[in-house]
Amino acid sequence: MSVDGATVDGVMSGSGAKSATTLAFVESPVQLLNVLEWAYADSLRAPGQDAAALTVVVLSPHDPMTRGQLRRMAELARDEGVTVRWEDARGGAGAPLKTIGGLRGPLRRASRVVIGDPFSRYVQLLLTLTKAKDLVVVDDGTATMEFISQLANGERLERWHRRGNSRGARDMVFAPFSATARRKLTPGQKRRVEVFSSMPVEPPPGVTITANDFAWTRARFGPPRLTRGTDLVGTSLVETGVVDLERYLEAVAGLAEAHGATRYFAHRRESAEKLSRVSHEVGLEIVRPDLPLELIARRGPIGHTIVSFPSTVVHTLPLALAGTEVKVAVYDVDPAWLTSDASPRAQGFLSGVTDTARDVQRPGTVPSTAAPDTPLAMS
């Protein structure tokens, strides 16, 4: 198998040709995981269909940690028989044109297109080239909640953490492509739109919601061995400009003291400088997962309690760890932690992530000091 700049091929269990009728586009490890979950659920719904008709196109990002996790996810996908096409889509000035040109034919032939990030400019541009009448959006974390809200309200597609309503020159140039992509993601008389999600979302008229319960993850991995400790989960809220760094570090220190935590599972977008401070100032062991946390936790070993700020994992981990004794706790983000550059929507969005999480513990605000292993009540 070759990954960077090449195609990783595998043949699904089945006798179909390798010319794909379903084309999936992913840019992150979680998106690729959720494509595998969708394919597994889809095969259960229609067991007679040819599973070999799925090709996943990885639009590779620059970030080394994300690329590393994507390589590992590509291996898992290959093991499942999925055809994976790796594109160095951001590998230089000419890379986008080369990538788009190479995908024009497969996009024209695809009868179904699956995407992991409807906010991605790359994906929006590719959507303008497809004639597929069957579109599927799989989870890209909590962003799915914002996507559904914007689709239902007829708003332009914009990430929740972007500040205000200002639009730069690039936004203006790209606006026609974004508008076309949004129209294609709106169900019509001859166009079916499905959202495959583990998030608590209400479908707009005409959109089919299919629940992602992480059945593939539970079928392939675990159950995990549990440690006696508590694990903390990192977020990229500092890196996206939402939360102040110093306030974040104080909160992490408070949680580590309250729960006697020793390990900190880093988000793939967290900066090396921040993680260094978490290690040296808070005293936590930094764990850099080589796979999405849902798979890492399911394989184990994992703490008997997992503590997080509002993020995707407070929705996905209870599903991936169903049937185990692991408890997931989510702590609120104090409004005082927000930076002056944070979007006015940030606090409401983060509160919504916490309030809608199921099968989690909600202790409230981060304690400044507390006895280790403070009992938590399920809510």
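Start by selecting the buried residues of α3 (buried means under 20% relative accessible area with a 1.4 Å probe, protein chains only): Ala95, Thr99, Ile100, Leu103, Pro106 and Leu107. This is a predicted model, in which local features need pLDDT of at least 70, side-chain atom pairs count only at pLDDT 80 or more, and totals for chains, interfaces and linings use all residues. Residues are numbered from 1 along each chain as its sequence is written, and side-chain values use heavy atoms, leaving out hydrogens and water.

Now show what these α3 residues pack against: β2 (22-26), β3 (54-59), β4 (83-87), β5 (112-115) and α4 (121-127). Helices (H or I, at least four residues) and strands (E, at least two) are DSSP runs, numbered from the N terminus.

Next, colour Leu103, where α3 has a kink of about 40° shortly before Pro106; the bend is the angle between axes fitted to the seven residues ending there and the seven starting there.

Jump to Pro223, in the loop between α7 (215-220) and β9 (226-233). Is Pro223 buried or exposed? Pro223 is exposed (over 50%), at 61% relative accessible area. Beyond its neighbours within four places in sequence, Pro223 is in contact (heavy atoms within 4.5 Å) with Arg298 and Thr324.

Finish on the open sheet of six strands, ordered β11-β10-β9-β12-β13-β14 with parallel pairing; strands pair if DSSP finds at least two bridges between them. At the edges, β11 (285-287) and β14 (361-364) each have a single partner strand, so one side of each lacks a neighbour in the sheet. Within β14, pick Gly364 and look opposite to find Tyr331.
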